[in-house]
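Open your viewer and get ready to pick out a few side chains. We will go from stop to stop, looking at charged pairs.

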Amino acid sequence: MASLSFYDRPTGTTCTSDAAKKYDSASVAKTIILGALLYQKGGTLTEEEDALARKMITESDNASATTLWKQLSDLKDPAKPNPVRIQEFLDKAGMGNTVLDKEGSWGLTQVTAGDQEKLLRIFSGDDDSVLGSKARSYALGLMNHVQSTQRWGATAGAPLDSVIHVKNGWLQRSQNPDVDAFDRGDWKVNSMAALTENGYDSGLVVLTENNRVPEGHPANEGWDYGIETIETISRAIYRDVYPDAEGYVPSRPALPAAKPPAAGTSASPPAADTP
């Protein structure tokens, strides 16, 4: 299953498919955490917050995301951080279809392609009503410096003369009996990217789930299938919108067959959400 939302400001082109369908966020929730942090701090972060935000986005570090999630939460019940200040950001940003996980498992936040596209528009736009120019520039800067092995997905086929900003997320649901049969063992693979500068101003979000691993096959096959789905969509869109541009070819790391990559799962998730 896949949903997408795309915009290109210079041409006025938009494209959506099932953009209101909710998906487990995995690590694309980190862009929401970043937006909320910048909103609450007026774009000015402490040295510690800057270090956490950088690791969270450029390395997809889970511990950093958890620390910032808690900072932005009501901790009356420490076991169930209630992300009230993140919700304030979502309300301001008009991301009304996003449902935060209120028990601390940020990777199980329910996101939609349409809402994540709104976030890309905020980061890449010139409207100061949600985030000021300093905060927007900071967010895009981090997404531009995501490590090379995590620049796959909605970047595939992007014009080489554009500046690419990206964040991906991935997790595999467990085979535990308490997991819905619809999800059991399946991969959730998500990607969002914005293109800026040199006349480019676009954003693409693709969310996928039920990337199945055939029985007896290595676990990474579901992960690869999700990435290939996203990159097929990405290449097709960029080819049509920018037909004369040479397209970016992202690298992709190999996953160990026995387990999914830690960077794309939610930190301290319930047992049902670990492989």
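Are Glu209 and Lys188 buried or exposed? Select the two, and keep in mind that this is a predicted model. Both Glu209 and Lys188 are buried.

Stay with this pair and look at the side chains. Glu209 and Lys188 form a salt bridge, at 3.6 Å from N to O. Glu209 belongs to strand E7 (residues 200-211) and Lys188 to strand E6, so the bridge links distant parts of the chain, 21 residues apart. Side chains with opposite charges can pair when their charged atoms come close.

Next, keep Lys188 selected and add Asp24. Here is another salt bridge, with 2.9 Å from N to O. Asp24 sits in strand E3 (residues 23-24) while Lys188 sits in strand E6 (residues 187-197), so this pair ties together parts that are 164 residues apart in sequence. Asp24 has 9% relative accessibility and counts as buried; for Lys188, the relative accessible area is 2%.

Now add Lys21 to your selection. Lys21, Asp24, Lys188 and Glu209 are joined into one network by salt bridges that share partners.

For the last stop, select Lys76 and Asp74. These two form a salt bridge as well, and their closest N and O atoms are 4.0 Å apart. How exposed is Lys76? Lys76 has a relative accessible area of 76%, so Lys76 is exposed. Asp74, at 25% relative accessibility, is partly exposed.

If you would like to keep exploring, the structure holds 14 salt bridges.

Terms used
Residues are numbered from 1 along each chain as its sequence is written. This is a predicted model: local features need pLDDT of at least 70, side-chain atom pairs count only at pLDDT 80 or more; totals for chains, interfaces and linings use all residues. Side-chain values use heavy atoms; hydrogens and water are left out. A salt bridge is a side-chain nitrogen of Lys or Arg within 4 Å of a carboxyl oxygen of Asp or Glu. Helices (H or I, at least four residues) and strands (E, at least two) are DSSP runs, numbered from the N terminus. Buried means under 20% relative accessible area, exposed over 50%, partly exposed in between (1.4 Å probe, protein chains only).
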